[in-house]
Amino acid sequence: MKKIAVLTSGGDSPGMNAAVRAVVRTAIYNNIEVYGVYHGYQGLVEDDIHKLELGSVGDTIQRGGTFLFSARCPEFKEEDVRKVAIENLRKREIEGLVVIGGDGSYRGAQRISEECKEIQTIGIPGTIDNDINGTDFTIGFDTALNTIIDSVDKIRDTASSHARTFIVEVMGRDCGDLALWAGLSVGAETIVVPEVNTEIKEVAEKIEQGIKRGKKHSIVMVAEGCMSGQECAEELSKYINIDTRVSVLGHIQRGGSPSGADRVLASRLGGHAVELLMSGETAKGVGIKHNQLTATPFDEIFGHSDHKFDKQIYQLAKELSI
Ligand code: F6P
């Protein structure tokens, strides 16, 4: 293998730069030329592809976002559009493509490897949502979790001063992991996630019991994929008359300097992706399971869910927040 390319795609996540850096440096260490594709699949189509050197990724490991920029590119579902992208890789004799993103981004990579056998593809899970099969953790999840914890710790101060119930809406389009892990970490009274059916009437009863026991405030952690914070507040108001406020953390969760855990994860996965390309692997997503590096065929990643919602953590959070 002599030349590879790397791109970041979909919603950005803290640690993507660290992953790109690991891809670039592992490749150059092994005498492989690396090209950066700017603006995700859009840049692949528009030929926004530039050679990266060791120095191109200097001073990036600590930066949030992605210096390669990211984009959502629905047009990449069209075969004609992909043909242009493939041609842009072929004319540079690029034999391997590393795609850092969520499973929508993996689907683009899978199509490329199906439609052009000379180009190997490897996916690296980069999303704060922690919703990708084939890995216990995605790059950015830990940083986003810590951002939520930091924010809710602050919310708790004002919630306590005013004896209010705060409904905190966090990201997670289809997956409740951010709400679950953050809920446990901040001692939220209730965690509302898409994976568990929650009766808002019971949430109201729990808050009421807490108030009777002298609780000064309550935190309800809601995953956006289940309902919005506003909807949750409106539902609650049907059963209980309390002073509530809604706080939507929004894109704050996607930014910031990556945590130590995310830098290490991104570096390990980036290095592993290049090693897999060098050993001839293709159409696989790298991951970490029980602290071991793994590679799972895209077909399996899309085919069945091994990223199970952790019911034990959910139950524990429930028991610890009575
Ligand atoms: O997939 C990551 C994510 O941050 C989701 O949690 C969220 O629903 C979505 O992206 C937001 O996307 P956008 O930045 O395009 O609005």
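A polar contact is taken here as a pair of N or O atoms within 3.5 Å, and within protein one atom must be able to donate a hydrogen and the other to accept it, with residues adjacent in sequence counted only if both atoms are side-chain atoms. The model is predicted, with local features requiring pLDDT of at least 70 and side-chain atom pairs pLDDT 80 or more, while totals for chains, interfaces and linings use all residues. Residues are numbered from 1 along each chain as its sequence is written, and side-chain values use heavy atoms, with hydrogens and water left out.

By the criterion for polar contacts, an N or O atom in the side chain of Glu 224 lies 2.5 Å from an oxygen atom of the ligand, and the side chain of Arg 173 places an N or O atom 3.2 Å from a ligand oxygen. Of the ligand's 400 Å² exposed when taken alone, the protein buries 75% (Shrake-Rupley method, 1.4 Å probe).

The shell around the ligand (residues with a heavy atom within 4 Å of it) includes Arg 72, Asp 129, His 251 and Arg 254; by class, it holds 1 nonpolar, 3 polar and 5 charged residues, where Asp, Glu, Lys and Arg count as charged, Ala, Val, Leu, Ile, Met, Phe, Trp, Tyr, Cys and Pro as nonpolar, and the others, Gly among them, as polar.

The largest pocket (an open set of points on a 1 Å grid over the protein atoms alone, where a 1.4 Å probe fits, with protein on both sides within 12 Å along at least five of seven lines; lining residues have an atom within 4 Å of a point) is lined by 32 residues, with Arg 72 and Arg 173 among those nearest its centre.
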